[in-house]
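The following exercises concern strand pairing and loop contacts. Each task is followed by a solution that proceeds step by step.

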Amino acid sequence: MKQKAPQISPNKLYATLLKKKNESDQQQKIVKSPVIQGNVYINSLRNNQGQLKVDAKKSRPTSGKDLKDISTVLLKKTHARQNSKIIETKENSQNLTQSALQLLQKIKAERPDNKIGQIQTSKEILQYHQQLIQKQYQKLLDLSKQTEHNQLQQQQQQQQQQQKQKLFKGPRSISNPDISTLQLCITKAHAKSIPGMLYTGQTKINQDSYKLIQKFGTKENDWYLQVSDGHGTNGHQVAQFVQEILPAYIEQEVMEAPYYYDRDKTINNIFKQSFLKTNEDLLNSGIDVTYSGATTVVVIAFENILYCANIGDSRAIIGRYDTKLQVVELSKDHKPDCFLEQARIIQRGGRVQAYSDEDGNPIGPARVWKLDEDVPGLAMSRSFGDYAASQVGVICEPEIIKHQLLPSDKFLVVASDGIWEFLSNEWVIETVNEYYKKGDAIGACNKLTQAAKEAWQREDEVIDDITVILAFFK
């Protein structure tokens, strides 16, 4: 027999439902916090609403009257609750929208692909700026190189123009009133040559010769100074030939040299080639040079730069006064007994020996001889001509010395061995210095030639030819 379900009065049922509903509302208010973080509010609301539906379903009334009464009450409550929810929903929706936007922005900013895009964009911008800076730097570098190139070209053009002007052929003169007075260059020059005397007392043929040219390189302060000392039967002809031919060769080579040439190297080559050509022409000139020849010393002054080329025993020196008067040698005498000169002569089948008396004692300077003959007996190891001596090591290649003038350099003396045989270098510069102070080059030349002549008369039975050139620096 079936048992009947217990009967619950409508009032009691209504009270129970209302109580549960109030509890549910309280729970919803607690869950609906004004601070919304993420999905907390949405999930809590959904859970509470779902639980309310389950509870309501469990306590659903069964009779029609109960349902009608409950429906009326719930309908009123529902409308009030819905109006309240609409207001809350609007407020919450605004907050939710703002929070959602902030959340979306944060998520978007934290996405890896966005960060990569930002990094890539930054790298691209950095690369662009680097490329731009590099281009600008390259432009500046190219501009700087172009400027340097232009400046270098201008300097080269100026140097070339100066060299061209220097190499133009100009007039010659020993004395010129328009001469420049630049420092460290020749401002005045004079030359003098006197013949010697035989042991018979007769005046001999002057076998010395000289050449003095101003404006040698077309510039006012470029000078050419040359002294040649002949020896042997035809020594005077050899010296005169050299005096005419050698300067012409040197000048021609200087004029034809490129204006951008290396001066030191070119001048050395010009000297050597010009000396060699002059000697070849001399051998083919018809002059008998078997036992005749000439020594030669040449000084070229390119403003304050001097080049000296020498063969033999003629000599060039400079008088310098710094704290005291001193000698600067521009050339070296080529004597047969000098170590290198003697070695060359012996190597080529010659011998070096002085004259000797009956007892075999040496008399006079060392001389060059053939190995098995007492010829030619030449007292120098370098010269023009002298064909017999050239077969045993006597050469015409000059020894070249470069000298840059200093403010303390006062004058230049170029002379044949007629001056140097009995007058020392020190005595010569002391004597010339007294005339240099007065600016008297002519007086200095007269004094030197006269003093040399008197020394020959005291020391020897003959007098050699005497030639000197003086040049004053300022």
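**Exercise 1.** Determine in which sense β8 and β9 pair, and over how many bridges.

*Solution.* In this predicted model, β8 and β9 pair in the antiparallel sense, and seven bridges join them. A specific pair illustrates the register: Q353 has R367 in β9 as its bridge partner. The two strands form a hairpin with five residues between them, where G360 adopts a positive phi near 85°.

**Exercise 2.** Establish the strand order of the open sheet of three strands, and identify its edge strands.

*Solution.* Step one: the order is β8-β9-β10, with antiparallel pairing. Step two: β8 (350-356) and β10 (376-378) are the edge strands, since each pairs on one side only. Step three: direction ignored, neighbouring strands of this sheet are turned by 40° against each other on average. Step four: β9, spanning residues 362-370, pairs with β10 over two bridges, again in the antiparallel sense. Here W369 stands opposite P376 in β10.

**Exercise 3.** State the order of the open sheet of five strands, and explain why one side of each edge strand is left without a neighbour in the sheet.

*Solution.* Step one: the order reads β1-β14-β13-β6-β7, and the pairing is antiparallel. Step two: β1 and β7 (325-329) stand at the edges; each has a single partner strand, so one side of each lacks a neighbour in the sheet. Step three: from one strand to the next, the twist averages 20°. Step four: within this order, β13 (residues 409-415) and β14 are joined by five bridges in the antiparallel sense. The bridge partner of A415 is V468 in β14.

**Exercise 4.** Locate T200, and specify which backbone nitrogen its side chain reaches.

*Solution.* Step one: T200 belongs to the loop between β1 (186-194) and β2 (208-214). Step two: the side chain of T200 reaches the backbone nitrogen of Q202 at 3.5 Å. Step three: T200 and E461 are separated by 261 residues in sequence, yet their C-alpha atoms are 8.8 Å apart in space.

**Exercise 5.** Is V462 buried or partly exposed, and which residues make a nonpolar surface patch with V462?

*Solution.* Step one: V462 is found in the loop between α11 (441-459) and β14 (466-473). Step two: the relative accessible area of V462 is 30%. Buried requires under 20% and exposed over 50%; V462 is therefore partly exposed. Step three: L198 and Y199 join V462 in making a nonpolar surface patch of about 300 Å².

Key: Residues numbered from 1 in each chain as written. Predicted model: local features only at pLDDT ≥ 70, side-chain atom pairs only at ≥ 80, totals over all residues. Heavy atoms only, no water. Helix = DSSP H or I, 4+ residues; strand = E, 2+ residues; numbered from the N terminus. Polar contact = N/O pair within 3.5 Å; in protein donor to acceptor, adjacent residues only side chain to side chain. Patch = residues over 30% accessible without salt bridge, like charges linked within 9 Å, V, L, I, M, F, W, Y side chains within 5 Å. Areas by Shrake-Rupley, 256 points an atom, 1.4 Å probe, with all protein chains shown as cover. Salt bridge = Lys/Arg side-chain N within 4 Å of Asp/Glu carboxyl O. Buried < 20%, exposed > 50% of the residue type's maximum accessible area, 1.4 Å probe, protein only. Pairing = 2+ DSSP bridges. Axes fitted to C-alpha atoms, helices over the stretch in contact; angles between N-to-C directions.
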